[in-house]
Each structure stands twice: as structure tokens, then as C-alpha cells.
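Here is a quick briefing for anyone meeting this structure for the first time. Have a look at the model, then read on.

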Amino acid sequence: MRIVLLVDVNNFFYGVRDARAGARVRYDRLLAWLQGHGEVIAAVAFMAYDPARPDQERFRTALSQMGFRVVEEPLRQENGRLQGNMDVPMALEALQLVERQRPDLVALGTGDGDFAPLAHHLAQRGHLVWVIAPRVSLSGALARAAHRVFLLEDLAAEVPGLLEAEGSAAPTPEPEAEAGPLERLALRIARALPALAPQPPAPFLLSRLGDAHPDLSEEARRAGGLAPAAALAMRLYLPGWGMGVQESVYLVLPPGARPGPGVRPIPLAELARAGLERLPPAPMVRAILEELARFPAGEAPADRDALEEALAGRLGPSVSRRAIREVFAALARSGLLKEEAGALQWPRDLAALEEGLRRIRAERAEAALAGEAPAFRDRVRWAAGLGAAPA
């Protein structure tokens with residue numbers, strides 16, 4: 001079942017706060033619960049915010065990192081009070097999304113009765129309509145227009161941690177000022193990517209990230225490359241995002257985007273691990289090692305340049321020369337590739353070559369994490385497929 005979720009953040013905030021003395025909604029838990037009912041092809045949060053409140057900026061960033069697209073407007077001063085209303089933007093977005101995405105289910109996260117006509121319209125168009133709302137703000141007219149109604153207070157009994165007391169740990173990353181260099185990079189990428197995603201969701205070139213943030217691109221190059229850094233950021237902070245490759249060009253796949261013909265999805269963990277280890281992705285490395293194991297001992301070239309030329313001819317365009325050079329450097333560091341008696345020497349045993357690289361991989365990965373906080377190291381090891389999920 002294809003699902004669209006639209007949330008009126010201000011309605012949730014005041015309804016839950018007033019009913020539970022400062023409680024707040026964990027939007028990541030809400031999204032995960034809805035994903036248990038089908039494929040969430042779009043999740044959009046609407047909020048009117050106070051520009052003078054830096055904590056609201058952090059909250060908007062956290063929503064983006066959870067997989068929401070955030071539609072926002074600043075609060076306005078009217079009659080000495082701050083006023084804001086996102087009803088019209090949310091209704092228009094709902095109509096546009098159902099026209100483009102053709103969802104089976106539209107979940108409206110609000111109790112505002114002004115959305116009752118929208119719910120009626122969507123139901124008449126053949127969409128299932130669910131309403132998710134705080135008890136105190138639920139309008140009877142909206143409830144009657146929906147196929148199903150879920151009260152947040154009742155849903156909290158089914159979804160642990162959905163509602164939490166004010167002051168409890170937030171589901172956001174640690175503050176950037178306290179983060180190590182790799183964590184800061186991942187945070188910056190996670191904040192930048194949602195703003196680049198086209199609407200309706202569609203694949204876009206990863207190079208757009210570098211074009212929009214040249215300093216970030218340079219920082220990522222020093223950390224192993226923009227593609228591995230983006231893969232790590234997605235694994236850590238952007239659930240539902242993915243990456244693909246088409247004719248050696250990296251593409252970003254936002255939630256709801258269809259890869260299209262000729263686009264090969266890339267396992268994010270594998271790509272993130274390649275960045276930590278400063279080596280090409282595992283399938284490319286294995287192809288190089290297999291070719292080295294098959295290389296006739298009597299034909300060993302005198303230097304690395306000649307060996308690179310020979311392997312490039314054997315492997316073809318699927319493996320870049322840069323990848324070959326990176327593997328050579330790692331094997332030399334492990335002592336497995338060396339020059340003796342005017343010729344290069346290396347074992348023709350694939351297992352020995354792989355074991356030598358494994359040691360170098362582990363050494364490089366730990367070196368890349370040396371400046372990071374212990375908790376973040378554990379999360380990165382999980383994200384890169386090098387360890388279990390942190391507790």
C-alpha cells in the first residue's frame with residue numbers, strides 16, 4: 001500500500017502539550033509505525049515557526065533528517081500576538097501529492113476541522129483517509145470524514161516512545177559543536193540533501209550537492225569521497241533515502257523516487273565502508289584481487305605502472321585505474337606487493353591477498369574514526385556494516 005503522510009506540526013504540538021503537560025511527539029516513531037502499514041512514498045511536515053527561536057531551527061533540521069520534507073512559514077505579528085496558519089499550504093500540498101503520486105492511503109496528522117472538506121474530497125476520489133490527532137484537538141467533522149481515526153494518546157500504547165516528556169533525550173544527532181570531523185560532515189550532508197530533492201520526488205545527481213556546497217565537497221574528498229560520505233549520512237540520518245549509479249554517475253534517490261531504467265541501486269553500507277577504508281567498493285576490489293591471483297608469475301611486470309596497464313586491459317572499463325592504484329597501495333602497505341629482483345612479486349593466493357587487505361581495511365577504518373566520540377564510532381561501524389547496531 002502506497003502511503004502519503006501530512007502532519008500539522010503546530011496542531012500536534014499544542015494538542016499534546018496541553019493534554020500531557022509538556023509532552024511532545026516523536027515523529028520518527030510515528031513514521032516508523034506508518035511504514036509498518038505500507039510504503040510511505042511521501043512524508044511532509046507543515047509548521048509555522050518563530051524565527052527568534054534557534055531550538056525550532058534544530059527541530060526543523062531533525063525532521064528533515066528523519067525523512068520528512070518540511071514546509072514552513074514564519075509566524076507573523078498580528079494584534080500584538082504571533083500568528084501562523086498552515087492550513088492552506090497543507091491542503092494544496094495534499095491535492096498535488098495525490099494527483100502526482102496516486103497513493104492508496106492519505107494519513108492526515110491533524111485534528112483541525114478545517115481539513116474535513118479535504119478528507120471528504122480525498123475519500124470521494126477513492127483514497128483511504130486516516131486521521132491521526134491529539135484527543136483534545138480532534139474535530140468531530142474531521143473524524144466523521146475519515147475512514148479511520150487514531151488518537152495519539154491511544155497510539156502511544158502501541159508505539160513505545162511515541163509521546164515523551166519534555167526534557168527527555170531528543171531523537172536528533174548530537175550538537176555539531178561537540179562532534180568530530182566525520183560526524184560534522186555527515187550532519188552537514190544530511191541537512192543539505194533534502195533541500196536539493198526535486199518535487200515530485202525523483203533521482204538527482206549527487207554532483208548537485210557539491211555544486212551547491214563546494215566547501216562540503218572538498219571536506220568530503222578528504223574524508224574518502226562525496227559518494228561514501230553521502231551514503232554514511234543517509235544511513236545515519238536519512239531513513240528511506242538511497243543512492244544509485246548510472247553510467248558511472250552517482251544519483252541520489254529521495255524517498256518516493258523511482259530509480260528508472262539503467263539505474264543500479266547501491267548498498268549504502270557497502271559504499272560507506274569503502275569511504276572509511278579509503279578503498280573502492282568490495283566487488284571492485286575482489287575483481288582486482290582475483291585478476292592478481294590469476295596473473296602468470298612469469299609475466300610479472302617490473303613496476304606498478306606496467307602492472308596497472310596490464311590489469312586495466314584485463315578488467316575493462318568496469319574497474320577504474322584509480323581503483324587499481326588504491327588496491328596496489330594497500331597491498332604494498334601490507335607487504336604483499338613488493339619489488340624483488342627487478343620484478344614485482346605478490347602471492348597468487350586469493351585468500352592471502354584478501355587477508356592482507358582485511359588488515360589494512362580495519363586499520364584504515366579505525367584511523368578514520370579516531371577523532372570521533374565513542375558513541376558515534378559505534379553508530380558508524382553499524383552504518384558501514386562493520387559492527388552490530390548500537391543499543
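Two strands count as paired if DSSP finds at least two bridges between them. With that in hand, Y49 stands opposite P74 in β4. Keep in mind that this is a predicted model. The tour below takes in two sheets, two helices and a pocket.

**The six-stranded sheet**

- This is an open sheet of six strands, running in the order β4-β3-β1-β7-β8-β9, and its pairing is parallel.
- At the edges you'll find β4 (69-74) and β9 (148-151), each of them pairing on one side only.
- From one strand to the next, the twist averages 15°.
- Strands of a sheet pair through backbone hydrogen bonds, either parallel or antiparallel.
- Strand β3 covers residues 39-49 and joins β4 in the parallel sense over six bridges. Another β3–β4 match puts M47 with its bridge partner E72 in β4.
- β3 also pairs with β1, again in the parallel sense, this time over seven bridges. For L6, the bridge partner in β3 is V44.
- How many of the eleven residues of β3 are buried? Ten of them are, so the strand is largely enclosed by the rest of the structure.

**Helices packed on that sheet**

- Helix α2 (residues 27-35) packs on the sheet and touches β1 (2-8), β3, β7, β8 and β9. The direction of α2 makes about 155° with that of β1.
- α4 packs on the sheet as well, touching β1, β3, β4 and β7. Its direction makes about 175° with that of β1.

**Helix α5, a helix with two faces**

- Helix α5 spans residues 116-124, and its buried residues are A116, L118, A119 and L122.
- Why do they line one face of the helix? Looking down the axis of α5, the buried residues fall within an arc of 160°, so they line one face.
- The face turned away from that buried side carries the exposed residues P117 and Q124.
- As for neighbours, the buried residues of α5 pack against α4 (87-101), β7 (105-109), β8 (128-133) and α6 (140-145).
- After α5 comes G126, which has a positive phi, near 95°.

**The four-stranded sheet**

- Here four strands make an open sheet in the order β11-β13-β12-β14, and the pairing is antiparallel.
- β11 (204-205) and β14 (264-266) stand at the edges with a single partner strand each, so one side of each is left without a neighbour in the sheet.
- Strand β12 (residues 242-246) and strand β13 (residues 249-253) pair in the antiparallel sense over five bridges. Q246 has V249 as its bridge partner in β13, while V245 is matched with Y250.
- α12 packs on this sheet, where it touches β12, β13 and β14. The direction of α12 makes about 80° with that of β12.
- β12 and β13 form a hairpin with two residues between them. In the turn, E247 has a positive phi of about 50°.
- On the other side of the story, β11 and β13 pair in the antiparallel sense over two bridges. F204 stands opposite V252 in β13.

**Helix α17**

- In helix α17 (residues 374-383), the buried residues are F376, V380 and A383.
- Viewed down the axis of α17, these fall within an arc of 60°, so they line one face of the helix.
- What do the buried residues of α17 pack against? They meet α8 (181-196), α11 (226-237) and α12 (268-277).
- Just after α17, G385 takes a positive phi of about 75°.

**The second largest pocket**

- Rolling a probe the size of a water molecule over the atoms shows where empty space is left.
- The second largest pocket has a volume of about 980 Å³.
- Its lining is made of 32 residues, and those nearest its centre are A227, Y250, L271, P281 and M284.
- Which elements give two or more residues to the lining? They are α10 (214-222), α11, β13, β14, α12, α13 (282-294) and α15 (321-333).
- Y250 therefore turns up twice in this briefing: it is the bridge partner of V245, and it lies among the residues nearest the centre of this pocket.

Conventions. Residues are numbered from 1 along each chain as its sequence is written. This is a predicted model: local features need pLDDT of at least 70, side-chain atom pairs count only at pLDDT 80 or more; totals for chains, interfaces and linings use all residues. Side-chain values use heavy atoms; hydrogens and water are left out. Buried means under 20% relative accessible area, exposed over 50%, partly exposed in between (1.4 Å probe, protein chains only). The arc is that of the directions from the helix axis to the C-beta atoms. Contact means heavy atoms within 4.5 Å. Axes are lines fitted to C-alpha atoms, for helices over the stretch in contact, and angles run from 0 to 180 degrees between N-to-C directions. On a 1 Å grid over the protein atoms alone, a cavity is a set of points where a 1.4 Å probe fits but cannot get out, and a pocket is an open set with protein on both sides within 12 Å along at least five of seven lines; lining residues have an atom within 4 Å of a point. Grid points are joined across faces, edges and corners, and a volume is the space filled by probe spheres set on the points.
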